[in-house]
Amino acid sequence: MNDFNEVEQKVAESLLQIKAIKLQPKSPFTWASGWRSPIYCDNRVTLSHPAIRTYIRQKLSQRIQEEFGSVEMISGVATAGIPQGVLVAQDLGLPFTYVRSSAKDHGRQNLIEGEVVSGQRVVVIEDLVSTGKSSLIAVKALREAGCNVVGLISIFTYGFEEAVKNFTEAKCPLFSLCTYDSLIKVAVDKSYVLESEVDMLEQWRKDPANWEPHV
């Protein structure tokens, strides 16, 4: 397992503590995609915990400044990326937009909500990255609107090979405050899962579409 830093550890501990992430390798969840999964992540729960919400906002803002330098707009991916993006945009004193999953079927039929200026350096905010497909639809929409999307940052990523491939092909750098490897290490250290369950968790990440729990 890779080394991980203090931010990854604290974010992992927080997400597990408030049950934004649940690990059940022997009693897996079923995702909307039909995948069986030993992990369920809902980072919207962080919004109900002011101290954790503030820490995540601060670390997202800090990472954006470290990785991307001067940025002119923050954009959130609907829906869970919107509140996180608003918090970061407020923190950095920047304009905010968000990208819908599909254009409205009435009014101006917007896909992007908010004012977009061609050439703006934009960082996209997500709460969670799985395969990256929905995130990259938002990136594509912003680029087609004339934005210079310099990268995407999320609270958590599963680290799927498919996501790495998708972001690389889209030429969109991806950063996350917490990775799957770091989460599992913290989960073992804090007794959320047993050491004997780690192999099951690692096998899922390698082939999530075909994974089944050990009987």
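A salt bridge is a side-chain nitrogen of Lys or Arg within 4 Å of a carboxyl oxygen of Asp or Glu. Side chains of opposite charge can pair when their charged atoms come close. This predicted model holds 11 salt bridges. Three of them are set out below.

| Acidic residue | Basic residue | Distance between closest N and O atoms |
|---|---|---|
| Asp91 | Arg57 | 3.5 Å |
| Glu162 | Lys133 | 3.3 Å |
| Glu144 | Lys140 | 3.4 Å |

**Asp91 and Arg57.** This salt bridge links distant parts of the chain. Asp91 sits in helix α3, which covers residues 81–92. Arg57 belongs to helix α2, residues 50–68. The two residues are 34 residues apart. Asp91 counts as partly exposed, because its relative accessibility is 35% and that class lies between the 20% and 50% cut-offs.

**Glu162 and Lys133.** Here helix α5 (residues 161–169) supplies Glu162. Lys133 comes from helix α4, residues 133–144. The pair therefore ties together parts that are 29 residues apart in sequence. Glu162 has a relative accessible area of 31%, so Glu162 is partly exposed.

**Lys140 and Glu144.** What separates these two residues along helix α4? Lys140 and Glu144 are four residues apart, about one turn of the helix. Both lie in helix α4. Glu144 has a relative accessibility of 59%, so Glu144 counts as exposed. The cut-off for that class is over 50%.

Technical notes:
Residues are numbered from 1 along each chain as its sequence is written. This is a predicted model: local features need pLDDT of at least 70, side-chain atom pairs count only at pLDDT 80 or more; totals for chains, interfaces and linings use all residues. Side-chain values use heavy atoms; hydrogens and water are left out. Buried means under 20% relative accessible area, exposed over 50%, partly exposed in between (1.4 Å probe, protein chains only).
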